[in-house]
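Got your viewer open? Let's take a walk through this structure, one selection at a time.

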Amino acid sequence: MRDENCIFCKIIAGEIPSRTIYEDEDFKVILDANPASKGHALILPKEHCANIYEISEELLSKAVKLAKKLAAHMTKLLNCDGFNLLQNNGEVAGQTVFHFHMHLIPRYVGMKNKDLLNWTHEEFTDSEQDEICEKLKMNS
């Protein structure tokens, strides 16, 4: 199922360009366009569901397994010092795009964004983002 008005559905369909680091039959994983840290990525289910209340338990289980796999992969390649998995549900909880997604946020000693609930976006050039994307690409 797809929502024609959903930006993530449009990214998944290839209508909006993204920096994809992983894709399989159920998910597309992209670098966040407004990252909180180097390598900040989003796990997007290809099936549209607005939040954790709507996603099937089977798909949610696959998302968590994928998050674990990607966190290990990203930690190794980016040499980060820690890792956050973040998932928001509802506007009051910080959700701004109403398509279930999980944030994969590498954490580094000394980084400016210590408070993930009130982070400011870090700036990376297109070439830096492209380099990070190529480094993190992973086969399904």
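Start by selecting E1 (20-23) and E2 (27-31): these two strands make a hairpin, with 3 residues between them. Helices (H or I, at least four residues) and strands (E, at least two) are DSSP runs, numbered from the N terminus.

Before going further, know that this is a predicted model, in which local features need pLDDT of at least 70 and side-chain atom pairs count only at pLDDT 80 or more, while totals for chains, interfaces and linings use all residues. Residues are numbered from 1 along each chain as its sequence is written, and side-chain values use heavy atoms, with hydrogens and water left out.

**Stop 1: the strands**

E1 and E2 run antiparallel and are joined by 3 bridges; strands count as paired if DSSP finds at least two bridges between them. Click on glutamate 23 and look across to E2, where its bridge partner is lysine 28. Now add E3 (41-45). E2 and E3 also pair in the antiparallel sense, over 5 bridges, and phenylalanine 27 stands opposite proline 45 in E3.

Are the residues of E2 buried or exposed? 5 of the 5 are buried, so E2 is largely enclosed by the rest of the structure. (Buried means under 20% relative accessible area, exposed over 50%, partly exposed in between, with a 1.4 Å probe and protein chains only.) In a regular strand, side chains alternate between the two faces of the sheet. Show the side chains of E2: Phe27, Val29 and Leu31 lie on one side, Lys28 and Ile30 on the other, and both faces are covered.

**Stop 2: the core**

Next, select Val29, Ile43, Leu70 and Leu104, the residues with the most contacts inside the largest nonpolar core, which has 26 residues. Such a core is a set of buried Ala, Val, Leu, Ile, Met, Phe, Trp, Tyr and Cys residues joined through side-chain atoms within 4.5 Å. Elements giving two or more residues to this core include E1, E2, E3, helix H2 (57-78) and helix H3 (126-136). H2 gives the most, with 7 residues.

Zoom in on leucine 70. Leaving aside neighbours within four places in sequence, leucine 70 is in contact (heavy atoms within 4.5 Å) with Tyr22, Val29, Ile43, Leu104 and Met138. Apart from this core lies another, of 9 residues, among them Cys6, Cys9, Ile11 and Leu42.

**Stop 3: two loop residues**

Select histidine 101, in the loop between strand E4 (82-86) and E5. Histidine 101 counts as buried because its relative accessibility is 8%. Its C-alpha atom is separated by 5.4 Å from that of isoleucine 43, though the two are 58 residues apart along the chain. Not counting residues up to four places away in sequence, histidine 101 touches Phe8, Leu42, Ile43, Leu44, Leu86 and Gln87.

Now jump to asparagine 79, in the loop between H2 and E4. Asparagine 79 is exposed, with a relative accessible area of 59%, and has a positive phi of about 55° although it is not a glycine.

**Last stop: the pocket**

Which residues lie nearest the centre of the largest pocket? Select Asp32, Ala33, Asn34, Leu42 and His121, five of the 32 that line it. A pocket here is an open set of points on a 1 Å grid over the protein atoms alone, where a 1.4 Å probe fits, with protein on both sides within 12 Å along at least five of seven lines; lining residues have an atom within 4 Å of a point. H1 gives the most to this lining, with 3 residues.
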